[in-house]
Amino acid sequence: MAPCFNQAPGSDEDSAVLFSTSGSPEGSTSGSSSSFHHSPASNQSKTAYKLDVRNLSYAIPREGSFFRKKKKNKFIHVLKSVSFTARSSEILAVVGPSGTGKSSLLRVISGRVRDKHFDPKTVFLNDCVVTSTSQLKKVCGFVAQEDNLLPLLTVKETLMFSAKFRLKEMNAGEREDRVEALMQELGLIHVANSFVGDEENRGISGGERKRVSIGVDMIHDPPILLLDEPTSGLDSTSALQVIELLSSMAKTKQRTIVLSIHQPSYRMFQYISNFLILSNGSVVHNGSIESLEETISRLGFSIPTQINALEFSMEIMDSLEESYSKNPPSFLIMQNETLHLSSNNADGGRSCFSTTDETMALCSRFFKIIYRTKQLFLARTMQALVGGFGLGSVYLKMKNDEEGVAERLGLFAFSLSFLLSSTVEALPIYLQERRVLMKEASRGAYKVSSYMIANTIIFLPFLLIVSIIFAVPVYWLVGLNSSFAAFSFFVFVVWLIILMASSLVLFLSAISPDFISGNSLISTVLGAFFLFSGYFIPKECIPKYWIFMYYVSLYRYPLDTLLINEYWSLRNECFSWKTQQEDDDNHKVITSCVLTGNDVLKSRGLLKDTRWMNVGIMFCFFVFYRLLCWIILARRVSRTTI
């Protein structure tokens with residue numbers, strides 16, 4: 001029987017290491033997942049993994065079109081019978097022209113595609129067959145090509161949050177030790193307190209950012225590390241430093257490293273043990289650079305002095321493919337022993353790290369990001385101040401007459417439009433966080449529900465402050481209902497309006513592919529809601545096939561609520577008088593009231609005090625859009641390949 005958990009030779013220096021993610025033998029006690037932290041159960045050695053792939057094929061459904069005829073072949077074959085072996089303490093580089101399936105191969109063997117698109121039993125770990133993609137996720141760390149990091153967190157904060165989510169069985173001190181040791185290993189100690197940054201926010205260099213991405217995905221110390229073009233976008237020096245780092249990590253920690261690379265420089269060859277060259281999804285070479293040179297010579301080609309064998313192989317790809325297909329290497333047939341992995345993996349430990357802990361950690365991260373996003377904080381504050389004082393100065397001390405009634409209705413309608421559209425600037429932040437959420441949640445770092453709860457908790461007080469800043473000046477400058485109860489309710493309604501808008505933007509950001517389409521979608525939806533609010537078109541005049549928009553409009557309920565709040569306690573107060581003379585002889589003048597607060601409410605069909613019912617409906621909108629967002633994000637997380 002083939003052993004599923006082979007102890008790596010020469011692993012004495014790692015004798016105090018336990019890999020708790022999934023590599024423990026049956027019956028062993030899971031300890032710290034850190035390679036640098038000694039735990040009480042540290043008498044076991046870390047399991048080294050050999051990764052074998054045999055005749056792996058991968059196909060994806062072909063996207064249909066209304067304007068094209070259906071093709072007989074409904075699938076695109078991305079990978080075709082790919083076979084290779086990756087050993088511990090070595091680097092295997094997957095090379096080939098763009099579009100040959102390099103990234104797809106890494107996503108497949110990292111367990112980030114659906115089982116129905118490929119057969120997981122073509123992948124073997126230590127000669128044991130893998131039966132599901134979840135097993136691959138447990139032992140493989142995957143570093144995507146894009147650095148999906150939060151720019152306003154420091155390097156240490158980024159790794160610490162990753163440790164909180166991925167090392168749930170550790171206490172705070174152990175996680176701190178793990179992060180310090182990892183930064184030392186990655187050469188990031190000197191930038192530990194520097195912001196990660198991005199294109200807009202100045203931060204660490206591109207090479208350092210790539211090392212942070214590597215650290216995030218190896219915080220739980222996976223025995224197999226897969227990297228999708230880790231040198232992409234880096235200069236030659238930074239790219240070489242990354243490869244040197246990976247080589248050191250492979251040798252000192254017995255890791256199995258597989259990476260895709262577009263065009264490695266000659267200096268990188270000394271750190272890469274074997275190359276897997278792909279062409280149109282098929283293997284054309286599998287072996288060392290020396291064996292590639294021998295193959296090229298055997299085919300009768302001479303490698304020019306100014307380029308290396310790997311670069312030259314791109315020019316003779318057809319010849320290599322023909323040669324490889326005629327003389328494929330022979331592989332031993334793997335035994336069909338099933339791989340059993342420990343359930344105490346680094347992404348587990350829910351009993352030690354509950355949903356509440358997840359939520360609190362996410363709240364802490366949200367707070368740091370909002371506090372450091374100066375443009376968002378200042379923009380919201382300035383919008384509220386300018387909007388409040390601006391509207392107050394335009395409608396300064398309105399009179400309590402018929403003209404004042406019309407002006408108040410206009411004020412409420414414009415305030416609604418202003419408040420509901422003022423949350424659009426949060427869209428790019430939501431879109432940026434979405435990619436980080438997709439990556440972290442898909443790898444079991446935390447649940448989408450924890451993310452949504454934390455987002456709600458942090459934004460509730462922040463948006464309340466914005467509401468107060470807007471409501472105080474506009475209310476007292478305009479001279480609305482002088483009752484303190486009416487003022488307090490006005491602030492509460494403004495807060496609910498902003499919360500509804502925030503939930504709507506969050507929901508639309510979940511379904512929008514980018515900022516431009518998201519911004520257009522928000523403008524369209526808000527415009528439709530305003531049109532059917534009953535302000536421009538009375539309910540009786542709305543066509544029957546559009547009447548549903550009147551009931552789902554985010555404008556209707558707060559507009560009615562603000563009117564009721566203003567006039568319900570003034571129902572018997574007269575705002576317009578009509579004077580007329582009874583007859584010419586007595587010259588008696590009769591004055592009658594033609595417009596009361598009750599008349600104002602009746603003109604909008606508000607015969608009852610429905611303020612709290614409307615508040616309940618607005619709260620339901622707030623919850624409803626967040627639930628929709630949660631459902632969509634959870635679905636996207638289940639399908640993500642990041």
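**Helix α7 and the largest cavity**

In this predicted model, helix α7 (residues 289–298) has I289, L292, T295 and I296 as its buried residues, buried meaning under 20% relative accessible area, exposed over 50% and partly exposed in between (1.4 Å probe, protein chains only). These residues lie on the same side of α7 because they cover an arc of only 115 degrees around the axis, taken from the directions from the helix axis to the C-beta atoms. On the other side, E294, S297 and R298 are exposed. Helices (H or I, at least four residues) and strands (E, at least two) are DSSP runs numbered from the N terminus. The buried residues of α7 pack against β9 (274–279), β10 (282–287), α8 (309–313) and α9 (317–326), with contact meaning heavy atoms within 4.5 Å. After α7 comes G300, with a positive phi near 90 degrees.

Residues are numbered from 1 along each chain as its sequence is written. Local features need pLDDT of at least 70 and side-chain atom pairs pLDDT 80 or more, while totals for chains, interfaces and linings use all residues; side-chain values use heavy atoms, without hydrogens and water.

Turning to the whole chain, 20 helices and 12 strands are found, and buried residues account for 55% of its 642 residues. Of the contacts between residues at least 6 apart in sequence, 76% join residues at least 24 apart.

The largest cavity (points on a 1 Å grid over the protein atoms alone where a 1.4 Å probe fits but cannot get out; lining residues have an atom within 4 Å of a point) is lined by 13 residues, with L149, T158, R365, V436 and E440 nearest its centre. Helix α3 gives the largest share of this lining, 4 residues.

Definitions and conventions
On a 1 Å grid over the protein atoms alone, a cavity is a set of points where a 1.4 Å probe fits but cannot get out, and a pocket is an open set with protein on both sides within 12 Å along at least five of seven lines; lining residues have an atom within 4 Å of a point.
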